[in-house]
Amino acid sequence: MSNRPELPPEIARRRTFAIISHPDAGKTTLTEKFLLYGGAIQMAGQVRAKGEARRTRSDFMKMEQDRGISVSASAMSFDFDGHRFNLVDTPGHSDFSEDTYRTLTAVDAAIMVIDGAKGVESQTRKLFEVCRLRDLPILTFCNKMDRESRDTFEIIDEIQENLAIDVVPASWPIGVGREFVGCYDMLNDRLELMDRADRNRVAESVKIDGLDDPKLADHVPEHLLGKFREEIEMARELLPEFDRQSFLEGHLTPIWFGSAINSFGVRELMTGISEYGPAPQPQNSASREIAPEEKSVSGFVFKVQANMDPKHRDRVAFLRMASGHFQRGMKLTHVRTKKPMAVSNPVLFLAADRELAEEAWAGDIIGIPNHGQLRIGDALTEGEPLRFTGIPSFAPELLQSVRATDPMKAKHLEKALMQFAEEGAAKVFKPAIGSGFIVGVVGALQFEVLASRIELEYGIPVRFEGSQFTSARWVQGAKDKVDIFANANKGHMAYDHDGDLVYLTRLQWDIDRIERDHPDLKLTATKEMM
Ligand code: GDP
């Protein structure tokens, strides 16, 4: 990330990131406050209030309400402090790891939210590992400090030990639970005082001159002062100093303490993102690295969402801009089909509303309504046949067969399934012999989500049933060898929605045997999407 040429200001001011957390840690609340400070909404609470009206449009899933999980990821853009923030929402439930993984290929940084009373939880750890695979810089927000929480050193230790990353306090909490008064801004020598009376008020900020400043006593209750001074001294002695390079390389995370619901600490966190970055990063492709400052426009699809608006049966492909300056109406090349594509009605997601994107720069996320041409992994460029790498498609871990309760609807069901497959919501396999379909997912809950979506969006009641198979592997190798193998194992063969050959089985033993007996074939659990 060093030694890069200076970026044009429009690109340099962009911040594209995701929030990762365990359910309930406060991701939604924090997002709301981001939008509030970003001027995207007038009052916190509107994301949810609007959500009610929006539900018919994008939050079509009743399950989303029932289970309190967010199934559909979306992207939101807003301005803060001269910067353009692009926040890409990650689905929070562990059953959606594949979707989440792909979302994280589209961002340059992540904010990890943890609950001050609970510390690092299972889902946080998993998501963190995905960030680490990509060396994403991580900013940490320790939330719910207005409640009884753990000792500050203990929290920091837990993150360091559990996640093997250096932690540098950007702020330090003063008092806990009911006695929590605010934080000391370690980087700017300031007191930030929480206003408990008004949850939407920005904290009062008091500049002080070191720990001996008599002003401290005006704001911090006397019985907390001694412990506070002692802790800051210990923290300075024991913990590393903030080092931007180390942060950008993903070795160090700055931590802010706050309370999202009280709007406390949020602005400081946002300032941290503005100041420390990172700006849009280069993206990898099979042929070369794409730098954000390149003049030529390019981008890749990391998510496809169907039926965001039931009135128009459209799909929206979310495109991460990798380079250039896009203007509405531009004719780009759809690399997979080599066809030109006029992008005339791209959408920017400003808070809860869609708005036409007149222009976009490297780092931005735009939504492109389309009728199914755009798939996950697709590239749009000004002609260069780029193939962006690193957007994987995982072998599903659970397989079930599916059929329409009304046999007359079988054809319709096929269409619905293909659409979900292209969206990346599930794997759909058509067995080489026999009828029907086998659907593969990464988490069990997805079967329910699918059943409910197929019924809601296509009016087809379906039934999922146990399949005789439990694993799927893509088969790769020379065509003649693959054909011989497929012919000899017809009962196990199926095709995915791209027409690629898949071997289905219920025994790991089968997979091992094939790998041993057919050294010229490769059975893979992931397939790079394109
Ligand atoms: P998510 O599941 O991570 O999106 O979490 P939410 O933002 O929905 O928050 C989960 C619960 O924690 C909700 O009841 C919030 O009102 C509550 N919450 C969020 N932030 C805070 C905070 O700073 N303090 C307290 N006491 N509760 C909070």
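**Exercise 1.** Find which residue takes a positive phi in the hairpin of E26 and E27, and trace how E26 is paired.

*Solution.* In the hairpin of E26 and E27, where five residues stand between the strands, the residue with a positive phi, near 85 degrees, is Gly434. This is a predicted model, in which local features need pLDDT of at least 70 and side-chain atom pairs count only at pLDDT 80 or more, while totals for chains, interfaces and linings use all residues. Residues are numbered from 1 along each chain as its sequence is written.

Next, take the partners of E26, bearing in mind that strands (E) are DSSP runs of at least two residues, numbered from the N terminus, and that two strands pair if DSSP finds at least two bridges between them. E26 (residues 427–431) runs antiparallel to E27 (residues 437–441), with three bridges joining them, and Lys427 stands opposite Gly440 in E27. Two bridges join E26 to E30 (residues 493–495), again antiparallel, and here Lys430 has Tyr495 as its bridge partner.

Finally, consider burial: four of the five residues of E26 are buried, a residue being buried if 20 or more other C-beta atoms, placed from the backbone, lie within 10 Å of its own.

**Exercise 2.** Place E26 in the order of its sheet, and identify the edge strands.

*Solution.* The open sheet has eight strands, in the order E28-E25-E27-E26-E30-E31-E29-E32, with antiparallel pairing. Its edge strands, each pairing on one side only, are E28 (462–466) and E32 (522–524). Within the sheet, E30 and E31 (residues 501–505) are joined by three bridges, and Tyr495 has Leu501 as its bridge partner in E31.

Methods. Buried ≥ 20, exposed ≤ 12 C-beta atoms within 10 Å, placed from the backbone.
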